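Here is a short briefing for a reader meeting this structure for the first time. Please keep the model open while reading.

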Amino acid sequence: MNKYNIVWGLVDSVRKYHSDDDRTRLDFMDEFSEESIEIRNIVTSAPSTVMSISSMMTSLPAYYLGRNYSDFRFDRDYFVTLSGILNQNSWTTNALIMHPEIREKLRVFDLLSKKYWPKGFSHRNVWNNSQINELLKNALHLYGDSAPKPCFWFLDFNCREDPNTSDIVKDSFNQLRNAGYDYDNTIFILCSDHGYPDPRSGVTPKALADQNLTHDMFMTDDNITIPFFIRYPGCQEGKKIETTVSTLDIMPTILDILDIDVDQKTSEIWHGKSLINLIEKDDNKGFEGVKVRTDARFFGQEGRVTAIRGDKYKYVYYHDQLMEEFFDVSEFNVIEKDISSIDDSEIQSNLDEFREVFKLTERQGKEFQTKYALHKIEKQIKNKNLRKILVISDEENSFLELISSSFNTAFPEANLDLVSTKEGEKIKGIRKKYDF
């Protein structure tokens, strides 16, 4: 086992390329790329912060990890995390997270203990980049020579309306290096959780606000691909990887570098795979023809959009509208043009292939969610002799199907009624029973 430290800096909403707004690739990323390995075509599992980071830390697709954002709390008892594996192997985890809501929802880390917070810091406040930097500095000062090693430091930054973001991130990395977390004993990662729609497409923060839209609904490459850099002891500095991969591959890669063995029951459900052979031997076995799934929204939410991204093509499906699109992404374009209706045998053959991948992954997601819901039901309902069950919900039909299957499995003798209150239907006087 290699007991390397991990320093992971994540900057929210940064594109992988330079642009003229505050979502631009950081200058420090250019600098760090000369000392690290840059993976240039890595696709996030979700273009939203909580979903994206949760998937990175579990190697599971983002839409597996919850059913609705409003009541989402990451389930540490059910899902195995990178931090959990490290902690079991004597690592300390210190996460510095900016937003209080995300600190509560994103329970994939142990947060830095309050005893290391500077005076005046409060959990209910949002911490800006300078405050994250101050928090790190204060913790390292209080630790002194007893700073934990091996340690997993996760630093959360935000590029929005802060022209000093690049300098602050660089200073934080330098603070940690000066505290003994250096290139000989530490894995350094610098990335974003997702990108952001390019304003040249007409999608700006103001336009989103005016139309009551959110950026996570866009499956354009400026939004679903991220900048990603990794440096570890003995790696080849300055190397660039062009192969399409997934953020789900990050966790297995880190554990591979650390030479940590994970039991098969845990690892066999991961959707990512180690990038080490790709990085060190240019061996892309297992990545040929890869198709990476990205999801906006959790499984039970309205407005779901899914993308399947390959090397050349990208398939996008809008769940509520039952609508699909298809794009050629072999070259980056700010404005992507739907080619799904073009009468071309190659395009239509590839469209069929991507459509089947979507259907397969959707079935797999439903099976996983049904199993997870069954676990929750059996854990929360101790009476195994139920004979009548009434479920009242305003969720989507797909979620009701999942609930129906889970309850029928847990209580096969019970009479189950599912009542929908969607589309203006009221509970009083109207019962809409689903027979799945």
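Start at Pro-150, which sits in the loop between α5 (129–143) and β5 (151–158). Helices (H or I, at least four residues) and strands (E, at least two) are DSSP runs, numbered from the N terminus. The peptide bond joining Lys-149 to Pro-150 is cis, with omega about 0°.

This is a predicted model: local features need pLDDT of at least 70, side-chain atom pairs count only at pLDDT 80 or more, and totals for chains, interfaces and linings use all residues. Residues are numbered from 1 along each chain as its sequence is written, and side-chain values use heavy atoms, leaving out hydrogens and water.

**Overall form**

- The protein chain has 13 helices and 16 strands.
- Its radius of gyration is 23 Å, which agrees with the value near 22 Å for a compact globule of 436 residues. The radius is taken over C-alpha atoms, and the globule rule is 2.2 Å times the number of residues to the power 0.38.
- Along the principal axes, the C-alpha atoms of the protein chain fill a box of roughly 65 × 55 × 45 Å.
- Of the 436 residues in the protein chain, 56% are buried. Buried means under 20% relative accessible area, exposed over 50%, and partly exposed in between (1.4 Å probe, protein chains only).
- Among contacts in the protein chain with a separation of 6 or more, 70% join residues 24 or more positions apart. A contact means heavy atoms within 4.5 Å.
- The protein chain exposes about 20000 Å², and carbon and sulfur atoms supply 45% of that area. Accessible areas come from the Shrake-Rupley method with a 1.4 Å probe; for residues, only the protein chains shown count as cover.

**Nonpolar cores**

- The largest nonpolar core has 75 residues. Such a core is a set of buried Ala, Val, Leu, Ile, Met, Phe, Trp, Tyr and Cys residues joined through side-chain atoms within 4.5 Å.
- Trp-8, Met-57, Phe-109, Phe-154 and Ile-187 have the most contacts inside the largest core.
- A second, separate core has 35 residues, including Leu-136, Leu-140, Tyr-143 and Leu-190.
- Not counting residues up to four places away in sequence, Ile-187 touches ten partners listed by name, among them Tyr-4, Val-7, Ile-230, Tyr-232, Ile-254, Ile-257 and Leu-258.

**Ala-95 in strand β4**

- Ala-95 lies in β4 (residues 92–96). Ala-95 is buried, at 3% relative accessible area.
- Outside its neighbours within four places in sequence, Ala-95 contacts Phe-109, Asp-110, Leu-111, Leu-112 and Phe-154.
- Ser-83 is 12 residues from Ala-95 along the chain, and their C-alpha atoms are separated by 9.9 Å.

**Helix α6**

- α6 (residues 165–178) has 14 residues and spans 20 Å from first C-alpha to last, close to the 20 Å expected at 1.5 Å a residue. The expected span is 1.5 Å times one less than the number of residues.
- The buried residues of α6 include Ile-168, Val-169, Phe-173 and Leu-176. Their cover includes β1, α1, α5, β5 and β6 (186–191).
- Gly-180 follows α6 and has a positive phi, near 105°.

**Helix α9**

- α9 (residues 250–258) is largely enclosed by the rest of the structure, because eight of its nine residues are buried.
- Ile-250, Pro-252 and Leu-258 are among the buried residues of α9.
- Asp-259 follows α9, with a positive phi near 60°.

**Helix α12 and Glu-362**

- α12 (residues 345–380) has 36 residues and reaches 52 Å, close to the expected 52 Å.
- Asp-344 caps the N-terminal end of α12, with a side-chain oxygen 3.0 Å from the backbone nitrogen of Glu-346.
- Glu-362 lies in α12. Glu-362 is buried, with a relative accessible area of 9%.
- The side chains of Glu-362 and Arg-304 make a polar contact at 3.2 Å. A polar contact is a pair of N or O atoms within 3.5 Å; within protein, one must be able to donate a hydrogen and the other to accept it, and residues adjacent in sequence count only if both atoms are side-chain atoms.
- Leaving aside neighbours within four places in sequence, Glu-362 also has contacts with Tyr-63, Arg-293, Phe-299 and His-319, among others.

**Positive phi in two serines**

- Ser-13 is in the loop between β1 (5–12) and α1 (27–33). Its phi is positive, about 65°, although Ser-13 is not a glycine. Ser-13 is buried, at 0% relative accessible area.
- Ser-59 is in the loop between α2 (49–56) and α3 (82–88). Ser-59 has a positive phi of about 60° and is not a glycine. Ser-59 counts as buried, at 0% relative accessibility.
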